[in-house]
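Hi everyone, thanks for making time this morning. I'd like to walk you through one structure, so have a look at it on the screen and then we'll go through it together.

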Amino acid sequence: PGGILDCQATPTEEIDMPFAIRMHQAGGPEVMSWEEVEVGDPAPTEARVRHAAVGLNYIDIYHRTGLYPLPLPSGLGLEAAGVVEAVGSTVTDLRPGDRVAYAGGPVGAYSQVRCLPADRLLKVPDAIDFRTAAAMMLQGLTSAYLLRRTCRVEAGDAVLIHAAAGGVGLIACQWAKALGATVIGTVSNDAKAALATAHGCDHVIHYTREDFARRVREITGGAGVRVVYDGVGKDTFAGSLDSLQTCGMLVSFGNASGPVPPFDPLLLSQKGSLFLTRPTLMHYTAKRADLVALGSELFDVVGAGKVRIEVNQTYPLADVANAHRDLEARKHTGSTVLLP
């Protein structure tokens, strides 16, 4: 299925309909179905893209389960890379044949072909292949805004990055190390510890068998870290606060273990006038100029070899249910790509 879609075909011509993953209700992996979809010409401000690779991210699970509700029925997926097939009448900076990638929405990346706003697309340098581009966009742009905008990491900073062997973790650890920070990462097993160490972690903590906040204090001589990047959520929130230096910042950007329960903001003052933020990539890239700037920084560090993108798992897009199951079971390391 999914041959080249000719949107100029007359009704009497036979064309292959592209396929996409659709969900008609929230729930487990079984709610995702592989369906034929109709993709027309791009609107004036859109481009039509044929995907070569699609990224898998934990936020896709939040969407599927309804933790982050979507209007139903809906597609899924927030990142992909591919080739522009057609552009709308007002699009001037893209043309058919351009290699592009995107992240952050609108949802619907789990598809062979789609139309989407042209101002969300970034041109991919020739040196970066499609699988790498699809794997790096959401996790890489997330690392970019976390490290360069939300709390700008400087040489000499001590930082704590949870899930250091995950997709965001491996990129963020390498990038923070390249910026001159002392990088502390948490992992769940020895294999992930070795992976984190190979990707920039100066100190690795096994959070399943160690009190990570206590270890952070030991590593930093009692001072704590300037910033904690926490995509885990409920299981690490309290320890993350306890790992911070006075006036440090907890950047809570994900809920892999579940949502953080309500708490009294007075706790932030009691623990050292701490800062807490719950940012999203969508807000940090809402303006085209910000998206382009972050994308440029990301392409630069990858192109310079300072950050290596590890695509450690691939699945057929039609088999995305198994990819979701494995991701939820924490069987993945690095990035995962779905192949249309």
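Before I point at anything, one definition: when I say helix or strand, I mean a DSSP run, at least four residues for a helix and at least two for a strand, numbered from the N terminus. Please also keep in mind that this is a predicted model.

With that numbering, let's start with Pro-73, which sits in the loop between helix 1 and strand 4. The peptide bond joining Leu-72 and Pro-73 is cis, with omega at about -5°.

While we're on backbone geometry, there are two residues to show you. Ala-163 has a phi near 50°, which is positive even though the residue is not a glycine. You'll find Ala-163 in the loop between strand 9 (158–161) and helix 3. Is Ala-163 buried or exposed? Neither, quite: Ala-163 counts as partly exposed because its relative accessibility is 38%. Ser-273 also has a positive phi, about 50°, and again is not a glycine. Ser-273 lies in the loop between helix 7 (266–270) and strand 14 (275–277), and its relative accessible area of 42% makes Ser-273 partly exposed.

Now compare that with Thr-236, in the loop between strand 12 (225–230) and helix 6 (237–242). Thr-236 has a relative accessible area of 3%, so it is buried. Leaving aside residues up to four places away in sequence, Thr-236 touches His-162, Phe-212 and Asp-230.

Next, a helix pair. The axes of helix 2 (residues 130–150) and helix 9 (residues 288–303) come within 9 Å and cross at roughly 105°. Angles of 65 to 115 degrees count as roughly perpendicular, so helix 2 is roughly perpendicular to helix 9. On the helix 2 side, the contact includes Met-136, Met-137, Gly-140 and Leu-141; on the helix 9 side, Leu-291, Leu-298, Phe-299 and Val-302 are among the residues involved. By class, the contact residues are 11 nonpolar, 2 polar and 3 charged.

Helix 2 comes back when we turn to the pockets. The largest pocket has a volume of about 940 Å³. It is lined by 46 residues, and those closest to its centre are Tyr-58, Val-168, Gly-231, Phe-253 and Ala-256. Which element gives the largest share of that lining? That would be helix 2, with 5 residues. The whole lining of the largest pocket splits into 25 nonpolar, 17 polar and 4 charged residues.

The second largest pocket holds about 190 Å³ of space. Of its 17 lining residues, Ala-20, Arg-22, Val-37, Gly-75 and Gly-108 are closest to the centre. Strand 1 contributes the most to this lining, with 3 residues, and the classes here are 9 nonpolar, 5 polar and 3 charged.

Finally, the interior. How many cavities of 30 Å³ or more does the structure hold? Just 1, and the volume of the largest cavity is about 30 Å³. Its lining includes Gly-166, Leu-170, Gln-174, Arg-308 and Glu-310. Helix 3 supplies the largest share of that lining, 4 residues. By class, the cavity lining has 3 nonpolar, 5 polar and 2 charged residues.

That's my tour; I'm happy to go back to any part of it.

Conventions: Residues numbered from 1 in each chain as written. Predicted model: local features only at pLDDT ≥ 70, side-chain atom pairs only at ≥ 80, totals over all residues. Heavy atoms only, no water. Axes fitted to C-alpha atoms, helices over the stretch in contact; angles between N-to-C directions. Parallel < 35°, antiparallel > 145°, perpendicular 65-115°, else oblique. Contact = heavy atoms within 4.5 Å. Nonpolar A, V, L, I, M, F, W, Y, C, P; charged D, E, K, R; others polar. Buried < 20%, exposed > 50% of the residue type's maximum accessible area, 1.4 Å probe, protein only. 1 Å grid on protein atoms, 1.4 Å probe; cavity = no way out; pocket = protein on both sides within 12 Å on 5 of 7 lines; lining within 4 Å. Points joined across faces, edges and corners; volume = space filled by probe spheres on them.
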